[in-house]
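Open the model in your viewer and keep the sequence panel beside it. Each stop below gives a selection to make and says what is found there.

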Amino acid sequence: MKPALKIFAGHEALAHIRANGLHSSDIDMMLGASGGPKWLSLAAMDRYLLSEWVRGREQPLHVLGTSAGAWRMACYAQNDPLAAHARLQEAYISQQYASAKPTAHEVATVCRHILDVILGESGTQEIINNPVVRYHTLVARCRGLAGADHKVPQTLGLAGAMTANLFARSAMRPWIERVVFHHPQRAPIDHYPHLPARHVTLTEDNLQPAILASGAIPLVIAGVRNIPGAPRGTYRDGGITDYQFDLPVLPEKGFVLYPHYFAKAPKGGWFDKKLRWRTASRENYRRTIIIAPSWEFAATLPGGRIPDLDDFYDYPEYSERRRRWDIALAACERLGDELANIDQQQRWAEVAEPLPW
């Protein structure tokens, strides 16, 4: 049986792995990408990392996520991350809607409920005050028509941003501003190419709306307006600017661990998904280790792919969608098992490959 898990590493990370293996103490930062239900394929790996790499850790670990990745990383930064992750998984796969085509405000209401479940009574305070796992998220502040609540002007604004992005990511500035909400200690990245980042310190007042905004998919989920401590405006999905990351995430000493759902080159922003010529810079990934399901394994899951947003449209009936996701989650336990085997037997050097692009 072919391995279900692929391990890719940038050239500096790969050299370190081949010389020293890989240990939790080597990791200074983790990334969590956007992607809606795709995160379900990573759930078993998350649980292993939370159990073996995060629990009891004393050295700082920066965690940066957008959209679904921001929700996952919010679990990592709580005092009992495994319990928070379990709450996220059950609340996420249990979401239901009264109609087959819920409005953006209806979806936002369900998302607020899921986030309330994830954070519980003290999650906000735990994340803000966590001295070890330092939480950060990226959010897009939408300008002009892109910030409108109504679908038609919002669509026109987003179309303007998407058209501008064809020429250069920096050309989106009239419509989109990148905002990083960072742990009170500091932000983990000093330079943000293409689109400058406005920095906002996370507080108990703005953490929840920032996480909610980072998952507010345009036209699908209502944006979040006027987040405390941040400039006034409408905030939407952080994946608009940072879908799968093309940022200089380059810790000075340690490395970056990136549990990802695709074994191929990441895309920087949401509008880059179908632009074959635009992929993340290999230089930005030189200190990053990507762990991802193989394409062959993904093809064995229901529908021949990992869960994604199309499932909400293809399977509007909750019972069928939940059934397929439960099957996928059970199958993806294999990914967690393989990760445990690689880590506990220190097989990293044996399985790690150069970046696939």
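**Stop 1: helix α11**

Select R321, R322, R324, W325, A328 and L329, the buried residues of helix α11. Keep in mind throughout that this is a predicted model. Now turn the view until you look down the axis of α11: the buried residues fall within an arc of 165 degrees, so they line one face of the helix. An α-helix has 3.6 residues a turn, so residues three or four places apart point the same way.

Next add S319 and A330, which are exposed and sit on the face of α11 turned away from its buried side. To check the length of the helix, take the distance between its end C-alpha atoms, which is 20 Å. The 14 residues of α11, at 1.5 Å a residue, should span 20 Å, so the two values agree.

**Stop 2: the largest cavity**

Stay with α11, which spans residues 318-331 and gives the most to the lining of the largest cavity, with 3 residues. Select the full lining: L301, P302, R305, I306, P307, D311, Y315, R324, W325 and A328. How many of these residues are nonpolar, polar and charged? The lining has 7 nonpolar and 3 charged residues, and no polar ones. The space inside the largest cavity is about 60 Å³.

Rolling a probe the size of a water molecule over the atoms shows where empty space is left. Counting cavities of 30 Å³ or more, the model has 3.

**Stop 3: the second largest cavity**

Select A33, S34, G35, G36, K38, W39, L42, R72, P259 and Y261, which line the second largest cavity. Its volume is about 40 Å³. Coloured by class, this lining shows 5 nonpolar, 3 polar and 2 charged residues.

**Stop 4: the largest pocket**

Which residues lie nearest the centre of the largest pocket? Select P102, V107, V220, I221 and Y313, and you have them. The whole lining takes in 40 residues, and the pocket holds about 890 Å³ of space. By class, the lining divides into 23 nonpolar, 10 polar and 7 charged residues.

Colour the helices next. At least two lining residues come from each of α3 (68-76), α4 (81-93), α5 (104-119), α7 (151-167), α10 (310-314) and α11. The largest share, 5 residues, is supplied by α5.

While α5 is on screen, select A108, which lies in this helix. A108 has a relative accessibility of 4%, so A108 counts as buried, the limit being under 20%. Then add A216: A108 and A216 are 108 residues apart in sequence, yet their C-alpha atoms are 7.5 Å apart in space.

**Stop 5: helix α7**

Move to α7, another contributor to the pocket lining. This helix has 17 residues and reaches 25 Å from its first C-alpha to its last, close to the 24 Å expected at 1.5 Å a residue. Select its buried residues, which are Q154, G157, L158, G160, A161, A164 and N165. Viewed down the axis of α7, they fall within an arc of 150 degrees, so they line one face of the helix. The face turned away from that buried side carries the exposed residues K151, V152, L156 and F167.

**Stop 6: salt bridges**

Side chains of opposite charge can pair when their charged atoms come close. The whole structure has 21 salt bridges.

Select E177 and R198, which form one of them, with their closest N and O atoms 3.0 Å apart. E177 lies in strand β5 (residues 176-182) and R198 in strand β6 (residues 197-201), so the pair ties together parts that are 21 residues apart in sequence. Is each partner buried or exposed? E177 is buried, with a relative accessible area of 10%, while R198 is partly exposed at 35%.

Now select R178 and D242, a salt bridge whose closest N and O atoms are 2.9 Å apart. R178 lies in strand β5 and D242 in the loop between β8 (234-236) and β9 (255-259), so this pair ties together parts 64 residues apart in sequence. Both R178 and D242 are buried.

For another pair, select D272 and R278, whose closest N and O atoms are 2.9 Å apart. Both of these residues are buried. Finish with E12, E283, R286 and R287, which are joined into one network by salt bridges that share partners.

Methods
Residues numbered from 1 in each chain as written. Predicted model: local features only at pLDDT ≥ 70, side-chain atom pairs only at ≥ 80, totals over all residues. Heavy atoms only, no water. 1 Å grid on protein atoms, 1.4 Å probe; cavity = no way out; pocket = protein on both sides within 12 Å on 5 of 7 lines; lining within 4 Å. Points joined across faces, edges and corners; volume = space filled by probe spheres on them. Helix = DSSP H or I, 4+ residues; strand = E, 2+ residues; numbered from the N terminus. Nonpolar A, V, L, I, M, F, W, Y, C, P; charged D, E, K, R; others polar. Salt bridge = Lys/Arg side-chain N within 4 Å of Asp/Glu carboxyl O. Buried < 20%, exposed > 50% of the residue type's maximum accessible area, 1.4 Å probe, protein only. Expected span 1.5 Å × (residues − 1). Arc of directions from axis to C-beta.
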